[in-house]
Amino acid sequence: MTQVTEAIVLDALRGVKDPDRGQDVVALGMVQGMAIKGGHVHFTLEVEPERGPRLEPLRKAAEKAVEALPGVLSVTAVLTADKPGRAPAPAQAQARGHAHGQGQPNKPLIPGVKTIVAVASGKGGVGKSTTAVNLALALKAKGLRIGILDADIYGPSLPRMMGITGKPDTKDGKILEPKVGYGVKCMSIGFLIAEDTPMIWRGPMVMSAIEQMLRDVNWGDLDMLVVDLPPGTGDAQLTMAQRVPLSGAVIVSTPQDIALLDARKGLGMFRKVDVPVLGIIENMSYFLCPHCGERSEIFAHGGARREAAKLGTEFLGEIPLDIAIRVTSDEGYPIVISQPDHPQSKIYRTIADRVWAKVTGEVSTNRPEPKIVVS
Ligand code: ADP
């Protein structure tokens, strides 16, 4: 297969002219942060914030020019109003947090939805969906208007965890009504197809399904839409992080080193596409024996806290491995709702408060920034 190189991509981009300035995007130094991996090309186009909203056609033209090259499998170009090479530190992330879409003019906004927060993980099985659902329910319990979009196309678990069955209604055959569980508006690909249907979703199909679930669902007015992303840091996730107007992302990780390496990738991915990372949650942090209450640190507990400090992001909290969490999720009656006084429910609520505060800036979140330790 033809080897795609940066030089070849830049050559193609020389044919793309900035409509306002007459010169091509390469000559103007607008092309930044190019990453090429196995035929998948990512880059950003640096633009002035005030021109951003008008330049979507330029972004598309740049994608098209590169797509036409032999050996190119996918292209994602992102418009960014940021200066190159500036990874957003947590404090900056906070400041921009609630104005979703700001600085990301290529992302369509959902009218009525104030903030969108993604819950992500480097790999499957770490409890990402369980965490997303309990956090959403904890936010609902605060009196906020909340929705959950289960974008985990590979393993949609929202219907089971929320105890929702049946297909969503539609009034006009185009817009779907979300299902409501415990006062939270829910949409999942799992509502539309049977849970045991084998699915091989290719990147673009995943994207169009997600876009549809954002656009063609009557979300109404929401304070926050929690998006349960598919696990991993591959192209599907990257594209999603770019196309969904995210206010921020939360990364769920288990304490094992290997999982932490994955969390690091997730963090890098969101920073690359300029989505503020709100912090890391350590799930299955330690084991609480249901019989004697003894705490055992099965997987070297504390890894996520150390990693968060190293990476300069916030450690949002730790959730133990507790059978009550699994049982209540399996029953479709998550712990935050079914046992609000349970210690684990309190942990979810504390984390949810923190996420809400960081996204909206409602509560002062000025902690000293963690030192970056080079090891
Ligand atoms: P993911 O979305 O990362 O694939 P899930 O949320 O589906 O993971 O969780 C995987 C399994 O682990 C589920 O059976 C879930 O009930 C269980 N689980 C998740 N978090 C915990 C926890 N803190 N304690 C006990 N079981 C948990």
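1. A residue is called buried when its relative accessible area is under 20%, exposed when that area is over 50%, and partly exposed in between. The structure discussed here is a predicted model, and D20 is a good place to begin reading it: with a relative accessible area of 40%, D20 is partly exposed, because that value falls between the two cut-offs.

2. D20 also takes part in a salt bridge, since its side chain meets that of R54 at a distance of 3.4 Å from N to O. R54 lies in the loop between strand 2 (40-46) and helix 2 (56-67), whereas D20 lies in the loop between helix 1 (6-13) and strand 1 (31-37), so the pair ties together parts that are 34 residues apart in sequence. Side chains of opposite charge can pair when their charged atoms come close. A search of the whole structure finds 17 salt bridges, and two others are taken up below.

3. The next salt bridge is within helix 2, where the side chains of E56 and R59 meet at 2.8 Å, again from N to O. These two residues are 3 apart in helix 2, which means that about one helical turn separates them. An α-helix has 3.6 residues a turn, so residues three or four places apart point the same way. Both E56 and R59 are buried, although each carries a side chain of the charged class.

4. Another salt bridge joins K358 to E314, with 3.0 Å between the closest N and O atoms. This pair links distant parts of the chain, for K358 belongs to helix 13 (residues 343-360) while E314 sits in the loop between helix 10 (303-311) and strand 12, 44 residues away. K358 and E314 are both buried. Elsewhere, salt bridges that share partners bring E56, R59, K60 and E63 together in one network.

5. Helix 2 deserves a paragraph of its own. It has 12 residues and reaches 16 Å from its first C-alpha to its last, which is close to the 16 Å expected at 1.5 Å a residue. Which residues of helix 2 are buried? They are E56, L58, R59, A62, E63 and V66, and they cover an arc of only 165 degrees around the axis, which puts them on the same side of helix 2. The face turned away from this buried side carries the exposed residues P57 and K64.

6. The largest pocket holds about 400 Å³ of space. Its lining is made of 27 residues, and G125, V126, G127, T130 and M284 are those that lie nearest the centre of the pocket. The elements that give two or more residues to this lining are helix 4 (128-141), helix 5 (158-162), strand 10 (277-288), strand 12 (315-321) and helix 11 (323-330), and helix 11 provides the largest share, with 5 residues. By kind, the residues of the lining divide into 10 nonpolar, 10 polar and 7 charged.

7. Two residues call for a check of the backbone. Y182, in the loop between strand 6 (179-181) and strand 7 (184-188), has a positive phi of about 50 degrees although it is not a glycine. D274, in the loop between helix 9 (257-272) and strand 10, likewise is not a glycine and has a positive phi, here of about 70 degrees. Are Y182 and D274 buried or exposed, or partly exposed? Y182 is partly exposed, with a relative accessible area of 31%, whereas D274 is buried, with a relative accessible area of 10%.

8. Finally, two loop residues can be placed by their distances to other parts of the chain. K142 is in the loop between helix 4 and strand 5 (146-150) and is partly exposed at a relative accessible area of 41%; its C-alpha atom is separated by 9.3 Å from that of A352, a residue 210 places away along the chain. I298 is in the loop between strand 11 (295-296) and helix 10, and at 49% relative accessibility I298 counts as partly exposed. The C-alpha atoms of I298 and M284 are separated by 9.0 Å, with the two residues 14 apart along the chain, and M284 is one of the residues that lie nearest the centre of the largest pocket.

Conventions:
Residues are numbered from 1 along each chain as its sequence is written. This is a predicted model: local features need pLDDT of at least 70, side-chain atom pairs count only at pLDDT 80 or more; totals for chains, interfaces and linings use all residues. Side-chain values use heavy atoms; hydrogens and water are left out. On a 1 Å grid over the protein atoms alone, a cavity is a set of points where a 1.4 Å probe fits but cannot get out, and a pocket is an open set with protein on both sides within 12 Å along at least five of seven lines; lining residues have an atom within 4 Å of a point. Grid points are joined across faces, edges and corners, and a volume is the space filled by probe spheres set on the points. Helices (H or I, at least four residues) and strands (E, at least two) are DSSP runs, numbered from the N terminus. A salt bridge is a side-chain nitrogen of Lys or Arg within 4 Å of a carboxyl oxygen of Asp or Glu. Buried means under 20% relative accessible area, exposed over 50%, partly exposed in between (1.4 Å probe, protein chains only). The expected span of a helix is 1.5 Å times one less than its number of residues. The arc is that of the directions from the helix axis to the C-beta atoms.
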